[in-house]
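Grab a pencil and try these short exercises on the structure below. Have a go at each task before you read its solution.

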Amino acid sequence: MELDNKNIVLKTVDLSIGYSSKKGKTLVSSNINIELHQGGLIGLIGGNGIGKSTLLRTLTKVQNPLEGAIFINNKDISKYASLDLAKAMSLVLTEPIASKNLSVLELVALGRQPYTNWVGNLSKKDKTAIYKALQQTNIEGLKDKKCYELSDGQLQKALIARALAQDTDLIILDEPTTHLDMYHKAYILKLLKELAQETGKTILFSSHEIDLAIQLCDTLIVMNKDEVVMNDPCSLISKGTFNTLFPNDLIAFDEKTGSFRVKK
(Lines give C-alpha, C1' and ligand atoms only; values in the text may rest on other atoms or scores of the structure.)
Protein backbone atom coordinates (compact mmCIF):
# COMPACT_ATOMS: atom_id res chain seq x y z
CA MET A 1 0.00 0.00 0.00
CA GLU A 2 1.28 3.47 -0.88
CA LEU A 3 -0.06 6.92 -0.10
CA ASP A 4 -0.11 9.89 -2.42
CA ASN A 5 0.90 12.69 -0.05
CA LYS A 6 3.44 15.19 -1.34
CA ASN A 7 5.97 16.59 1.14
CA ILE A 8 4.93 14.15 3.88
CA VAL A 9 8.10 12.28 4.76
CA LEU A 10 6.67 10.14 7.57
CA LYS A 11 3.07 9.33 8.38
CA THR A 12 1.37 6.98 10.83
CA VAL A 13 -2.16 5.64 10.44
CA ASP A 14 -4.00 4.44 13.56
CA LEU A 15 -0.70 3.29 15.05
CA SER A 16 -0.63 1.33 18.31
CA ILE A 17 2.71 0.74 20.01
CA GLY A 18 3.80 -1.60 22.78
CA TYR A 19 5.17 -5.09 23.33
CA SER A 20 4.13 -8.60 22.43
CA SER A 21 5.01 -11.67 24.49
CA LYS A 22 3.73 -15.16 25.10
CA LYS A 23 1.49 -13.72 27.80
CA GLY A 24 -0.10 -11.28 25.38
CA LYS A 25 0.26 -7.67 24.32
CA THR A 26 1.24 -4.71 26.48
CA LEU A 27 -0.19 -1.53 25.00
CA VAL A 28 1.84 1.66 25.51
CA SER A 29 -0.11 4.06 23.31
CA SER A 30 -2.75 3.81 20.59
CA ASN A 31 -4.49 5.77 17.86
CA ILE A 32 -1.31 7.64 16.90
CA ASN A 33 -1.82 9.66 13.72
CA ILE A 34 1.05 11.99 12.91
CA GLU A 35 2.51 13.55 9.78
CA LEU A 36 6.08 14.83 9.49
CA HIS A 37 6.56 17.28 6.66
CA GLN A 38 9.65 17.98 4.60
CA GLY A 39 12.08 20.45 6.13
CA GLY A 40 10.50 20.50 9.57
CA LEU A 41 12.08 20.22 13.02
CA ILE A 42 9.81 18.08 15.16
CA GLY A 43 10.26 17.48 18.87
CA LEU A 44 8.85 14.43 20.65
CA ILE A 45 8.17 15.25 24.30
CA GLY A 46 6.46 13.71 27.30
CA GLY A 47 7.13 12.59 30.85
CA ASN A 48 9.53 9.81 31.83
CA GLY A 49 8.22 6.34 31.02
CA ILE A 50 5.39 7.62 28.83
CA GLY A 51 6.59 5.73 25.74
CA LYS A 52 8.76 8.10 23.71
CA SER A 53 11.50 5.52 23.17
CA THR A 54 8.93 2.87 22.27
CA LEU A 55 7.46 5.19 19.66
CA LEU A 56 10.88 5.95 18.19
CA ARG A 57 11.81 2.27 18.09
CA THR A 58 8.58 1.55 16.27
CA LEU A 59 8.99 4.40 13.79
CA THR A 60 12.51 3.18 12.98
CA LYS A 61 11.46 -0.48 12.50
CA VAL A 62 13.46 -1.65 15.51
CA GLN A 63 10.25 -3.17 16.85
CA ASN A 64 6.94 -3.93 15.20
CA PRO A 65 3.76 -1.96 15.80
CA LEU A 66 0.90 -3.69 17.57
CA GLU A 67 -1.54 -2.25 15.04
CA GLY A 68 -1.66 0.35 12.29
CA ALA A 69 0.86 1.40 9.68
CA ILE A 70 3.90 3.64 9.20
CA PHE A 71 4.76 5.22 5.86
CA ILE A 72 8.07 6.78 4.86
CA ASN A 73 7.97 8.71 1.59
CA ASN A 74 4.51 7.23 0.96
CA LYS A 75 5.75 3.63 1.24
CA ASP A 76 4.79 1.26 4.04
CA ILE A 77 7.85 0.81 6.25
CA SER A 78 7.22 -2.94 6.39
CA LYS A 79 7.96 -3.10 2.65
CA TYR A 80 11.44 -1.58 3.00
CA ALA A 81 14.52 -3.77 2.77
CA SER A 82 17.17 -2.81 5.34
CA LEU A 83 19.45 -1.20 2.76
CA ASP A 84 16.64 0.84 1.21
CA LEU A 85 15.49 2.00 4.64
CA ALA A 86 19.05 3.16 5.41
CA LYS A 87 18.84 5.37 2.32
CA ALA A 88 15.56 6.89 3.52
CA MET A 89 16.16 7.30 7.25
CA SER A 90 19.25 7.87 9.40
CA LEU A 91 19.47 7.48 13.17
CA VAL A 92 21.40 9.13 15.98
CA LEU A 93 20.99 6.97 19.06
CA THR A 94 22.07 7.33 22.68
CA GLU A 95 24.08 4.09 22.71
CA PRO A 96 27.88 4.46 22.83
CA ILE A 97 29.60 4.19 19.45
CA ALA A 98 31.27 0.86 18.68
CA SER A 99 34.84 2.18 18.70
CA LYS A 100 36.02 5.51 20.03
CA ASN A 101 39.38 4.83 18.36
CA LEU A 102 37.82 5.98 15.09
CA SER A 103 38.73 9.45 13.91
CA VAL A 104 35.90 11.94 13.38
CA LEU A 105 36.43 11.62 9.64
CA GLU A 106 36.15 7.82 9.83
CA LEU A 107 33.01 8.07 11.98
CA VAL A 108 31.30 10.46 9.57
CA ALA A 109 32.36 8.27 6.63
CA LEU A 110 30.33 5.41 8.14
CA GLY A 111 27.26 7.32 7.04
CA ARG A 112 28.08 6.38 3.45
CA GLN A 113 27.86 2.62 4.07
CA PRO A 114 24.46 2.24 2.33
CA TYR A 115 26.03 3.56 -0.88
CA THR A 116 29.54 2.08 -0.95
CA ASN A 117 30.47 -1.11 -2.72
CA TRP A 118 31.10 -4.34 -0.83
CA VAL A 119 34.73 -3.44 -0.03
CA GLY A 120 33.71 0.00 1.24
CA ASN A 121 35.63 2.14 -1.24
CA LEU A 122 34.59 5.79 -1.14
CA SER A 123 33.69 7.45 -4.41
CA LYS A 124 34.10 11.13 -5.18
CA LYS A 125 30.40 11.57 -4.39
CA ASP A 126 30.88 9.86 -1.02
CA LYS A 127 33.83 12.09 -0.11
CA THR A 128 31.89 15.20 -1.14
CA ALA A 129 28.99 14.20 1.11
CA ILE A 130 31.35 13.54 4.03
CA TYR A 131 33.13 16.87 3.84
CA LYS A 132 29.85 18.73 3.33
CA ALA A 133 28.52 17.12 6.52
CA LEU A 134 31.65 18.19 8.43
CA GLN A 135 31.13 21.76 7.23
CA GLN A 136 27.42 21.79 8.05
CA THR A 137 28.14 20.81 11.64
CA ASN A 138 31.18 23.09 12.00
CA ILE A 139 33.62 20.30 12.86
CA GLU A 140 36.07 20.40 9.93
CA GLY A 141 38.82 21.23 12.44
CA LEU A 142 38.09 18.05 14.39
CA LYS A 143 38.21 15.58 11.49
CA ASP A 144 41.57 14.03 12.51
CA LYS A 145 40.78 13.79 16.24
CA LYS A 146 39.91 10.44 17.74
CA CYS A 147 36.38 10.11 19.10
CA TYR A 148 37.69 9.45 22.62
CA GLU A 149 39.31 12.89 22.54
CA LEU A 150 36.01 14.68 21.96
CA SER A 151 33.76 16.35 24.48
CA ASP A 152 30.16 15.12 24.67
CA GLY A 153 29.02 18.09 22.59
CA GLN A 154 31.66 17.54 19.92
CA LEU A 155 30.82 13.84 19.70
CA GLN A 156 27.14 14.65 19.30
CA LYS A 157 27.95 16.97 16.39
CA ALA A 158 30.05 14.23 14.79
CA LEU A 159 27.14 11.78 15.08
CA ILE A 160 24.83 14.34 13.49
CA ALA A 161 27.41 14.78 10.70
CA ARG A 162 27.38 11.02 10.14
CA ALA A 163 23.59 11.16 9.73
CA LEU A 164 23.93 14.06 7.28
CA ALA A 165 26.52 12.15 5.26
CA GLN A 166 24.01 9.31 4.98
CA ASP A 167 21.91 11.75 2.91
CA THR A 168 18.43 10.64 3.93
CA ASP A 169 15.18 12.60 3.81
CA LEU A 170 14.52 11.79 7.47
CA ILE A 171 16.85 12.01 10.48
CA ILE A 172 15.69 10.66 13.84
CA LEU A 173 17.58 11.40 17.05
CA ASP A 174 16.98 9.85 20.46
CA GLU A 175 17.70 12.33 23.26
CA PRO A 176 20.49 14.22 21.42
CA THR A 177 21.11 16.59 24.34
CA THR A 178 21.67 13.95 27.05
CA HIS A 179 24.76 14.65 29.22
CA LEU A 180 25.18 18.17 27.77
CA ASP A 181 25.21 21.41 29.76
CA MET A 182 22.56 24.06 29.11
CA TYR A 183 24.67 25.95 26.54
CA HIS A 184 25.37 22.85 24.47
CA LYS A 185 21.78 21.63 24.77
CA ALA A 186 20.65 24.90 23.18
CA TYR A 187 23.51 24.76 20.64
CA ILE A 188 22.62 21.26 19.42
CA LEU A 189 18.91 21.99 19.10
CA LYS A 190 19.57 25.29 17.34
CA LEU A 191 21.94 23.44 14.98
CA LEU A 192 19.18 20.93 14.20
CA LYS A 193 16.79 23.81 13.51
CA GLU A 194 19.26 25.38 11.07
CA LEU A 195 19.96 22.05 9.36
CA ALA A 196 16.26 21.40 8.80
CA GLN A 197 15.85 24.85 7.26
CA GLU A 198 19.01 24.74 5.14
CA THR A 199 18.90 21.13 3.91
CA GLY A 200 15.16 20.54 3.67
CA LYS A 201 15.58 17.34 5.67
CA THR A 202 12.92 16.31 8.16
CA ILE A 203 14.42 16.04 11.64
CA LEU A 204 12.62 14.32 14.52
CA PHE A 205 14.15 14.18 17.99
CA SER A 206 12.99 13.11 21.43
CA SER A 207 13.93 15.30 24.35
CA HIS A 208 13.32 16.21 27.97
CA GLU A 209 14.26 19.80 27.13
CA ILE A 210 10.64 20.84 26.73
CA ASP A 211 11.19 24.59 27.14
CA LEU A 212 13.85 24.61 24.41
CA ALA A 213 11.72 22.42 22.15
CA ILE A 214 8.79 24.82 22.49
CA GLN A 215 11.04 27.70 21.43
CA LEU A 216 12.81 26.02 18.50
CA CYS A 217 10.54 23.38 16.96
CA ASP A 218 8.18 23.88 14.05
CA THR A 219 5.99 21.09 15.39
CA LEU A 220 5.76 19.10 18.61
CA ILE A 221 4.48 15.59 19.24
CA VAL A 222 3.24 15.46 22.83
CA MET A 223 2.74 12.11 24.54
CA ASN A 224 0.69 11.80 27.70
CA LYS A 225 -1.13 8.89 29.32
CA ASP A 226 -4.34 9.47 27.37
CA GLU A 227 -3.26 10.44 23.86
CA VAL A 228 -0.58 11.55 21.42
CA VAL A 229 -1.18 14.96 19.88
CA MET A 230 0.76 16.89 17.25
CA ASN A 231 0.64 20.57 16.42
CA ASP A 232 2.71 23.74 16.36
CA PRO A 233 3.83 24.99 19.81
CA CYS A 234 1.54 28.04 19.85
CA SER A 235 -1.56 25.96 19.12
CA LEU A 236 -0.58 23.44 21.80
CA ILE A 237 -0.11 26.25 24.33
CA SER A 238 -3.51 27.74 23.51
CA LYS A 239 -5.18 24.33 23.91
CA GLY A 240 -3.58 23.79 27.32
CA THR A 241 -1.81 20.63 26.16
CA PHE A 242 1.31 21.21 28.25
CA ASN A 243 -0.77 21.38 31.43
CA THR A 244 -1.35 17.62 31.09
CA LEU A 245 2.31 16.56 30.95
CA PHE A 246 3.09 16.50 34.67
CA PRO A 247 1.14 16.22 37.94
CA ASN A 248 0.02 19.73 38.79
CA ASP A 249 0.90 19.48 42.48
CA LEU A 250 4.51 20.53 41.83
CA ILE A 251 4.98 21.83 38.27
CA ALA A 252 2.79 24.24 36.32
CA PHE A 253 3.01 25.52 32.75
CA ASP A 254 3.07 29.29 32.37
CA GLU A 255 1.29 30.15 29.12
CA LYS A 256 2.62 33.72 29.16
CA THR A 257 6.28 32.69 29.16
CA GLY A 258 5.84 29.36 27.39
CA SER A 259 7.82 27.53 30.08
CA PHE A 260 7.37 25.36 33.15
CA ARG A 261 7.79 26.60 36.71
CA VAL A 262 7.91 24.98 40.11
CA LYS A 263 4.96 25.81 42.30
CA LYS A 264 5.84 27.57 45.55
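Here are three exercises on this predicted model, each with a worked solution.

**Exercise 1.** Work out whether the radius of gyration of the chain agrees with that of a compact globule.

*Solution.* Start with the length: the chain has 264 residues. A compact globule with that many residues would have a radius of gyration near 18 Å. Now look at the chain itself, which has 19 Å, so the two agree. For some extra background, 48% of the residues are buried, and the secondary structure comes to eight helices and 13 strands.

**Exercise 2.** Classify the ring pair formed by Y183 and Y187, and say where the two residues sit.

*Solution.* The whole structure holds four aromatic pairs. In this one, the ring centres are 6.3 Å apart and the planes meet at 35°. That angle is neither under 30 degrees nor over 60, so the pair is tilted. Next, the place: both belong to helix α6 (residues 182-199), and being four residues apart puts about one helical turn between them. Finally, Y183 is exposed at 58% relative accessible area, while Y187 is partly exposed at 26%.

**Exercise 3.** Do the same for F246 and F260, then find which parts of the chain they tie together.

*Solution.* These ring centres lie 5.4 Å apart with planes at 80°, so call the pair edge-to-face. F246 sits in the loop between α8 (233-238) and β12 (251-254), and F260 in strand β13 (residues 259-262), so the pair ties together parts 14 residues apart in sequence. With a relative accessible area of 19%, F260 is buried, because the cut-off is under 20%; F246, at 26%, is partly exposed. Both also belong to a cluster that ring pairs build from F242, F246, F253 and F260.

Key. Residues numbered from 1 in each chain as written. Predicted model: local features only at pLDDT ≥ 70, side-chain atom pairs only at ≥ 80, totals over all residues. Heavy atoms only, no water. Rg over C-alpha atoms; globule rule 2.2 N^0.38 Å. Buried < 20%, exposed > 50% of the residue type's maximum accessible area, 1.4 Å probe, protein only. Phe/Tyr/Trp six-rings, centres within 6.5 Å; stacked < 30°, edge-to-face > 60°.
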